[in-house]
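Colleague: I would like to learn how to read a model like this one, one feature at a time. Could we begin with a single residue and work up to whole chains?

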Amino acid sequence: MSFPWAKHYEPKAPLMRYLDEKLPLPRLVYNAIGAGYPVPRNLNYFWNFGVLAGFMLVVQIVTGVILAMHYAANAGVAFSSVEHIMRDVNWGWALRYAHANGASMFFVVIYLHIFRGFFYGSYKAPREMVWLLGVVIFLLMMATGFMGYVLPWGQMSFWGAKVITGLFGAIPVVGEPIQIWLLGGFAPDNAALNRFFSLHYLLPFVIVGVVILHIWALHLPGSSNPTGVEVKSESDTVPFHPYFTAKDGFGLGVFLILYCALVFFGPNMLGHPDNYIPANPMSTPAHIVPEWYFWPFYAILRAFTADFILPAKLLGVLAMFSAILVWFFLPWLDKSPVRSGHYRPLFRKFFWFGLIPAMLVLFYCGGAPAEEPYVMLSQIATAYYFLHFLVVLPIVSMIERPEPLPFSITEAVLGDDNKAVLGENTTPAT
Amino acid sequence: MIRLIGILIGLGFTAAVLWGFGWGSAAVIDQGYLVEPTAEHEFHKDPKEVAFATDGPFGKWDLQQLQRGYQVYKEVCSACHSLKYVAFRDLAQLGYTEAEVKATAASWTVPGIDPNTGETNTRPGTPTDYFPSPFANDIAARAANNNAIPPDLSLMTKARHEGARYVYSLLTGYQPQPAALLAEFPDAKTGTGLYYNPYFANLNLAMAPPLSDGQVTYADGTQATREQMAKDVAAFLTWTAEPTLVKRTQTGWAVLAFLLFATILAWLAKQQVWAGVKPKRRED
């Protein structure tokens, strides 16, 4: 697909030849994740998370479809239908724990996938479209995860839904009507639960669609790599199959061990005990917290405590959405021609000593109660978060002096690149 | 241009959030404390350390203990608390025979309908019935319990942090309100009809101390101290909250053993496949 030396699919069996003529699906697979896709030979294990994310999407859809066969999206019986799954459905407990913790593991994988992109500059040309589609997938995942958490109709489901839909109420003038329209009422109830279930079932298939576009867009320039130097010749790449099917297979095994350890030995560790209490509109939990994967953004929402031109609540909502929307502009904010953080001394410092600690603080404070010192900590971390993407990255990319890049991937791997074929498909070293 | 707008927006958000930080830190300095001290903050205690047979990845049910816990629930807790997600048939998992399950189900009175008149009545339970609720509805529950609804206990150990330890600590944690608390927070005096318990979130619980030594007589001869009964019923509620707990961890070991084997094979396969490609040199 992407490089002239990519292997070509040559069906041998008569049936496969027939199929290739009528519906070349095997050819598509061969070119997408088979021997027909040349991949940089130097990918490290951080490049494993795309495959893992795809795997988790399938796990979530399969477990989710089966759970939906036993679940009842009605405010009166939703909670007990979940208990019915846990107690009476054969292996229902395993399915539900796999699905609930699967969402968590999906987000673990996605966060690592995104931060891989941040560090190695995967968002830069020619892969901007891959990045933009990725951010769309992340937003869809957040919507899906949020609505999924509402379905058991426990206390955190109800109050989480109330707080998050309440955010729309911060929009001046039209906020409240929008909120009522979204919920189908003044507070979350049967109407909200039903539409959340419907959308929770729909959105994963939308995600599948965008994932296909994401992979399609990736296959035009091919995968990025830890050096950030583009592929120049055949010696820079190996075919996806068997090299990366084998490597990702091992990564998948390690990942599954962690995932299953969570499902079978600590399935409620990442959940909140309050969600085992049926939803009660009359009793507000002491601390309303969303699921852990929303904590950084929840911390940003709560960090805006004082009116500053705009009301504090509106600022918080704007900042929370901007915190993700800013990722859309990343390819144009960071103009450094060097992709990989390995060769960017100044960027690297801001990444490891700025962005990562700020993210960790936001993760922690988002799950903590809304009191001091957590509010003050998240205010500092929020300030750095926005400075990092909107101020630091543009300025660093202007003033930084990158370290020398290897001539090619082959040189980076083997020490020299005598085999590099300088031909017409060669791009000059950056 | 886009970077210029970006820098301006970035500085705007930073200014707004730091403005809040300024007011927040000023308030903290002004007050002299980070969090307003409350009786809950200072006197609430984390659950006591107590071991259960189901603890850890190799946990097992202690069927004798579960049967004792069931007895405590039946003779004490069930006066006020329902157990609505558990059916009598489930008791077979506690080691009771089919006849024993039938007998114990029949010892409960459940709501029924007269087959001839269609009027509501009551009848003895059968194994397919669920544990009956002690109150007809929430209003009746409130009326009988000083305006507090006794919560359903089926999921109690999953609905609290450190569930079984919490239940044990709460049942054994009643005590007189400390003098130090009243000295520091004179307004926090435990109200009438409430009982001081440092393991409860707001320290004052509407449930009277339910257990006292020798309250039940155990069939297996175990001495029914308050601690013993609290521990037994906490173990029983661990089972009601998740009857599949032990099956889960046992399945987990089989799954992990398989995955470990498969992952080692995958590692060997990966080494084999990559053997022809020179290993990656460390980046300098």
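Modeller: Let us start with A:Ala13, which sits in the segment before helix H1 (14-22) of chain A; please keep in mind throughout that this is a predicted model.

Colleague: Is A:Ala13 buried or exposed?

Modeller: The general idea is to count the other C-beta atoms within 10 Å, where 20 or more make a residue buried and 12 or fewer make it exposed. A:Ala13 has 8 C-beta neighbours inside 10 Å, and therefore it counts as exposed. As for its place in space, the C-alpha atoms of A:Ala13 and A:Val254 lie 35 Å apart, while 241 residues separate the two in sequence.

Colleague: How exposed is A:Val163, and how many other C-beta atoms lie within 10 Å of it?

Modeller: A:Val163 belongs to helix H7 of chain A, and because 15 other C-beta atoms lie within 10 Å, A:Val163 is partly exposed. From A:Val163 to A:Ala412, which is 249 residues away along the chain, the C-alpha separation is 51 Å.

Colleague: How should I read the way in which two helices meet, and at what angle do the axes of H6 and H7 of chain A cross?

Modeller: One fits a line to each helix and takes the angle between the N-to-C directions. Here the axes of helix H6 (residues 128-150) and helix H7 (residues 155-166), both of chain A, come within 8 Å and cross at roughly 135°, which means that H6(A) is oblique to H7(A). On the side of H6(A) the contact is made by A:Phe146, A:Tyr149 and A:Val150, and on the side of H7(A) by A:Ser157, A:Gly160, A:Ala161 and A:Ile164. Sorted by class, this contact has 5 nonpolar and 2 polar residues, and no charged ones.

Colleague: Why might residues a few places apart in a helix share a contact?

Modeller: An α-helix has 3.6 residues a turn, so residues three or four places apart point the same way.

Colleague: Which domains make up chain A, and how many residues does each give to the contact between them?

Modeller: Chain A is divided into domain 1, covering 38-281 and 404-430, and domain 2, covering 289-399. The centres of domain 1 and domain 2 of chain A, taken over C-alpha atoms, are 20 Å apart, and the contact takes 28 residues from domain 1 and 21 residues from domain 2. On the side of domain 1 that touches domain 2, helix H5 (92-120) and H6 of chain A each supply at least two residues, and the largest share, 8 residues, comes from H6(A). That side of domain 1 divides into 17 nonpolar, 9 polar and 2 charged residues.

Colleague: How does one judge whether a whole chain is compact or spread out?

Modeller: One compares the radius of gyration with the value that a rule for globules gives for that number of residues. Chain A has 430 residues, for which a compact globule would have a radius of gyration near 22 Å, and its own 24 Å agrees with that. Chain B, with 284 residues, has a radius of gyration of 28 Å, well over the 19 Å of the globule rule, so chain B is more spread out than a compact globule. The C-alpha trace of chain A spans about 75 × 60 × 40 Å along its principal axes, and that of chain B about 85 × 65 × 45 Å. Buried residues make up 49% of chain A and 27% of chain B.

Colleague: What are chain B's helices and strands, counted up, and how many residues of its helix H6 are buried?

Modeller: Chain B has 9 helices and 4 strands, whereas chain A has 16 helices and 2 strands. In helix H6 (residues 163-172) of chain B, 10 of the 10 residues are buried, so this helix is largely enclosed by the rest of the structure. Among those buried residues are B:Arg165, B:Tyr168 and B:Leu171, and what covers them includes helix H8 (226-241) of chain B.

Colleague: Finally, how many residues does each chain bring to the contact between chain A and chain B?

Modeller: That contact takes 57 residues from chain A and 53 residues from chain B. Helix H1 (2-31) and helix H9 (245-274) of chain B each supply at least two residues of the side that touches chain A, and H1(B) gives the most, with 20 residues. By class, the side of chain B that touches chain A holds 32 nonpolar, 12 polar and 9 charged residues.

Note on methods: Residues are numbered from 1 along each chain as its sequence is written. Chains are lettered from A and ligands numbered from 1 in the order in which they are written. This is a predicted model: local features need pLDDT of at least 70, side-chain atom pairs count only at pLDDT 80 or more; totals for chains, interfaces and linings use all residues. Two residues are in contact if their C-beta atoms, placed from the backbone, lie within 7 Å. Ala, Val, Leu, Ile, Met, Phe, Trp, Tyr, Cys and Pro count as nonpolar, Asp, Glu, Lys and Arg as charged, and the others, Gly among them, as polar. Axes are lines fitted to C-alpha atoms, for helices over the stretch in contact, and angles run from 0 to 180 degrees between N-to-C directions. Angles under 35 degrees count as roughly parallel, over 145 as roughly antiparallel, 65 to 115 as roughly perpendicular and the rest as oblique. The radius of gyration is taken over C-alpha atoms; the globule rule is 2.2 Å times the number of residues to the power 0.38. Domain bounds come from an automatic or database domain assignment.
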